[in-house]
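Please look over the sequence and the structure shown below before reading on. The report that comes after them is meant for someone meeting this structure for the first time.

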Amino acid sequence: MQIWVDADACPKPIKDILFRAAERTAITTTLVANQQLPIPPSRYIKMLRVHSGFDVADNEIVSRLSAGDLVITGDIPLASEVLAKGGHAINPRGERYNQETIKERLNMRDFMDTLRASGIDTGGPAALSARDVQAFANQLDGFLVRRQLNGQV
């Protein structure tokens, strides 16, 4: 199992949690972004820089993903593709995407896109809070512990 991070928009506190988890669990964690991002020296943490462009990083993650891998992303269409390939996805606010809820999330995303396209200001997401960071840390830790108990890490 590997962890893939849709890193262009991933908040620093979330990356810091991932860096510590990679070291603690010895799981390869790869940040994928269209710009070079700072990473700590580690044999478990890697940076994969891709060309700029629409969905280039997402497509790279999907092409390299193996069933059972974990992807950290706030991108709902990417999460949907990850689930379709047998992967797992958690967003930076600690929500774990699953087959039961992904279609609903895609529909809501498309609805909000339609509203924005018609000129309605839908606002943006709230700033990442300490509660969000804690929820992410808890979700990641729970996921990694379950995988380890099942002998899948």
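What follows describes the nonpolar cores, one helix, a buried acidic residue, the charged pairs and two backbone features.

## The nonpolar cores

The model described here is predicted, and a convenient place to begin is its interior. In soluble globular proteins, nonpolar side chains tend to be buried together. The largest nonpolar core of this model holds 25 residues, and those that touch the most other members are Ile3, Val5, Leu18, Leu31, Ile72, Phe136 and Leu140. At least two residues of this core come from each of strand S1 (3-6), helix H1 (12-25), strand S2 (29-33), strand S3 (45-49), strand S4 (70-72) and helix H5 (130-149). Among the contributors, H1 gives the most, with 6 residues.

Val5 offers a view of the surroundings of one core residue: when residues up to four places away in sequence are not counted, Val5 touches Cys10, Leu18, Thr29, Thr30, Leu31, Val32, Ile61 and Ile72. Apart from the largest core lies another one, made up of 18 residues, which include Val50, Ala57, Ile102 and Leu106.

## Helix H1

Helix H1 consists of 14 residues, and the distance from its first C-alpha to its last is 20 Å, close to the 20 Å expected at 1.5 Å a residue. Its buried residues are Ile14, Lys15, Ile17, Leu18, Phe19, Ala21 and Ala22, a list in which the charged residue Lys15 appears alongside nonpolar ones. The elements that cover these buried residues include S1, S2, S3, S4 and H5.

## A buried acidic residue

Asp69 is found in the loop that runs between helix H2 (56-64) and strand S4. Which side chain of opposite charge is nearest to Asp69, and how far away is it? The nearest one belongs to Arg147, at 6.7 Å, and Asp69, although buried, has no salt bridge. Because a salt bridge requires the nitrogen and the carboxyl oxygen to be within 4 Å, the distance of 6.7 Å to Arg147 does not qualify.

Asp69 nevertheless has polar partners of other kinds, since its side chain reaches the backbone nitrogen of Gln2 at 3.0 Å and a polar contact of 3.0 Å joins it to the side chain of Trp4, both distances being within the 3.5 Å that defines a polar contact. If neighbours within four places in sequence are left aside, the residues in contact with Asp69 are Met1, Gln2, Trp4, Arg64, Gly87 and His88.

## Salt bridges

Side chains of opposite charge can pair when their charged atoms come close. The count for this model comes to 4 salt bridges, and among them are the pairs described here. In helix H1, Asp16 forms a salt bridge with Lys12, with the closest N and O atoms 2.9 Å apart; the two residues are 4 residues apart, so about one helical turn separates them. Asp16 is partly exposed, at 24% relative accessibility, whereas Lys12 is exposed, with a relative accessible area of 55%. A similar spacing occurs in helix H2, where Arg64 and Glu60 lie 4 residues apart, about one turn of the helix, and where their side chains meet in a salt bridge of 2.5 Å, N to O. Arg64 is partly exposed, at 41%, and Glu60 is likewise partly exposed, at 22%.

Another salt bridge joins Arg24 and Asp141, whose closest N and O atoms are 3.6 Å apart. Because Arg24 lies in helix H1 and Asp141 in helix H5, this pair ties together parts that are 117 residues apart in sequence. Arg24 is exposed, with a relative accessible area of 54%, while Asp141 counts as partly exposed at 36% relative accessibility.

## Positive phi angles in two loops

Where does the backbone of a residue that is not a glycine take a positive phi? One such place is Ala26, with a phi of about 60°, which comes just after H1 and belongs to the loop between H1 and S2. Ala26 counts as partly exposed, at 41% relative accessibility.

Asp55 also has a positive phi of about 60° and is not a glycine either. Asp55 lies in the loop between S3 and H2, and with a relative accessible area of 30% this residue is partly exposed.

Conventions
Residues numbered from 1 in each chain as written. Predicted model: local features only at pLDDT ≥ 70, side-chain atom pairs only at ≥ 80, totals over all residues. Heavy atoms only, no water. Core = buried A, V, L, I, M, F, W, Y, C linked by side-chain atoms within 4.5 Å. Buried < 20%, exposed > 50% of the residue type's maximum accessible area, 1.4 Å probe, protein only. Contact = heavy atoms within 4.5 Å. Expected span 1.5 Å × (residues − 1). Polar contact = N/O pair within 3.5 Å; in protein donor to acceptor, adjacent residues only side chain to side chain.
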